[in-house]
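Me: I would like to learn how to read this structure, one feature at a time. Could you walk me through it?

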Amino acid sequence: MLRRPRRNRKSEAVRNLVEETSLSVKDLIFPMFLVDGVKKTIAIDSMPGINRYSLDTLLGEIESCMKLGIHAFDVFPAYPDSMKNATATESYNPETFYLKALREIKKQFPEACLMSDVAMDPYSSDGHDGLVKNGKILNDETLEILARMSLAQADAGVDILGPSDMMDGRVGYIRELLDENGFVDTSIMSYTAKYASAFYGPFRDALDSAPKFGDKKTYQMNPANAQEALIEADLDAEEGADFLMVKPALSYLDIIKLLKDNYSLPIAAYNVSGEYSMIKASAQKGWIDNDRAMMETLLSMKRAGAKVILTYFAKEYASLSK
Ligand code: PBG
């Protein structure tokens, strides 16, 4: 035998030399949940190890993450039903706790990269990402609300806006508006190929944001489709997106690879709540090794072509790789 691939696996030092993919805390964005109030750390049953924080405790958590080398955070607000309505007006109320928190985070950690979600669902009494009329999710009318939300978040100091609702035309609409208002440096990470997935379940528990009727299939993509991701990516690239995101990650590694091979924009993968909880639940039962499963799945996203990974494992990964 002239060729023996095992020679390149004979020791850790040799394996390191031929290692093709590497993962770093620099690649990670940590999604976090915010609630109104003070001194709150509320566990999320379906996401062991992840909490909803009030601003004071969230700032402490961000500080400890910064010390571990995590410098990017995506903050999601959990609103009580009493503050939700059909037009999501709370999303751009300058006095709302979420916008005040974003401003304070940016003030205390100016060097951190702060990301926010642009979609109606946390503020909508219908639990949908768009305006609802006669059971239909409206597209163009929703853009106006997204625009107000985007300007309010950019004004609060957010570095990267994440339009996550899969409405048509939103990236271009938001980009033009940001530019007209002087926010030329505010980036857009488009949720380019976001699938109608079962893996968002624990996130909807965390925010209490499940749709009140129906599902999200008229705006989120069909899990059967890959070609369609190219249409979405073409549009987002033309409309000025700075990053293209694929979500969820694990069942869509082929889509990550597809976008990586066809676009020069950086690709992000959202390792969503259900993917996190699957590993946590089986590790709690002793069925798989948490740390190894975490490492292997995160690595698979990078290998597929993601540069950026949004993951609830960010802090754990950072602690482990210190
Ligand atoms: C909603 C939004 C969702 C997630 C991020 N933004 C859920 C949904 O579309 O219903 C899911 C994230 C996760 O599951 O971790 N705009």
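**A guided reading**

Reply: Gladly! Keep in mind that this is a predicted model. Let us begin in a loop: proline 248 is found between β10 (243–247) and α8 (253–262).

Me: Which peptide bond is cis here?

Reply: To read this, look at the omega angle of the bond. The bond from lysine 247 to proline 248 is cis, with omega near -10 degrees.

Me: Is proline 248 buried or exposed?

Reply: For this we look at relative accessible area, and the cut-off for buried is under 20%. Proline 248 has a relative accessible area of 0%, so it counts as buried. You can also place proline 248 against phenylalanine 33: they are 215 residues apart in sequence, and their C-alpha atoms are 18 Å apart in space.

Me: Now to phi. What is the phi of asparagine 134?

Reply: Here the sign is the thing to read, along with the residue type. Asparagine 134 has phi near 50 degrees, which is a positive value in a residue other than glycine. You will find asparagine 134 in the loop between β6 (132–133) and β7 (136–137).

Me: And is asparagine 134 buried or exposed?

Reply: The cut-off for exposed is over 50%. Asparagine 134 has 79% relative accessibility, so it counts as exposed.

Me: Where is methionine 166 found, and what is its phi?

Reply: Methionine 166 is in the loop between β8 (160–163) and α5 (170–180). Its phi is near 60 degrees, again a positive value in a residue other than glycine. Methionine 166 counts as buried because its relative accessibility is 3%.

Me: How many residues apart in sequence are glutamine 220 and methionine 166?

Reply: It helps to read sequence separation and spatial distance side by side. Glutamine 220 and methionine 166 are 54 residues apart in sequence, while their C-alpha atoms are 5.9 Å apart in space. Glutamine 220 is found in the loop between α6 (201–207) and α7 (227–238), and at 4% relative accessibility glutamine 220 counts as buried.

Me: Could you show me another pair to read that way?

Reply: Try histidine 128 and aspartate 215, which are 87 residues apart along the chain, with 8.4 Å between their C-alpha atoms. Histidine 128 lies in the loop between β5 (113–118) and β6. Histidine 128 is buried, with a relative accessible area of 0%.

Me: Let us turn to the ligand. How many residues surround the ligand?

Reply: A good way in is to list the neighbours, then sort them by class. The ligand is surrounded by 18 residues, and the closest are Lys194, Arg204, Lys247, Ser273 and Tyr312. Sorted by class, this shell has eight nonpolar, three polar and seven charged residues.

Me: Which side chain has a polar atom 2.6 Å from an oxygen atom of the ligand?

Reply: That is tyrosine 312. Lysine 247 has a polar side-chain atom 3.4 Å from a nitrogen atom of the ligand. In aspartate 129, a side-chain N or O atom is 3.2 Å from a ligand nitrogen atom. As for cover, the ligand taken alone exposes 400 Å², and the protein buries 100% of that.

Me: Where does the ligand sit?

Reply: Here you look for cavities in the protein. The ligand sits in the largest cavity.

Notes
Residues are numbered from 1 along each chain as its sequence is written. This is a predicted model: local features need pLDDT of at least 70, side-chain atom pairs count only at pLDDT 80 or more; totals for chains, interfaces and linings use all residues. Side-chain values use heavy atoms; hydrogens and water are left out. Helices (H or I, at least four residues) and strands (E, at least two) are DSSP runs, numbered from the N terminus. Buried means under 20% relative accessible area, exposed over 50%, partly exposed in between (1.4 Å probe, protein chains only). A residue is near a molecule or strand if one of its heavy atoms lies within 4 Å of it. A polar contact is a pair of N or O atoms within 3.5 Å; within protein, one must be able to donate a hydrogen and the other to accept it, and residues adjacent in sequence count only if both atoms are side-chain atoms. Accessible areas come from the Shrake-Rupley method with a 1.4 Å probe; for residues, only the protein chains shown count as cover. On a 1 Å grid over the protein atoms alone, a cavity is a set of points where a 1.4 Å probe fits but cannot get out, and a pocket is an open set with protein on both sides within 12 Å along at least five of seven lines; lining residues have an atom within 4 Å of a point. A molecule sits in a cavity or pocket if more than half of its atoms lie within 2 Å of its grid points. Ala, Val, Leu, Ile, Met, Phe, Trp, Tyr, Cys and Pro count as nonpolar, Asp, Glu, Lys and Arg as charged, and the others, Gly among them, as polar.
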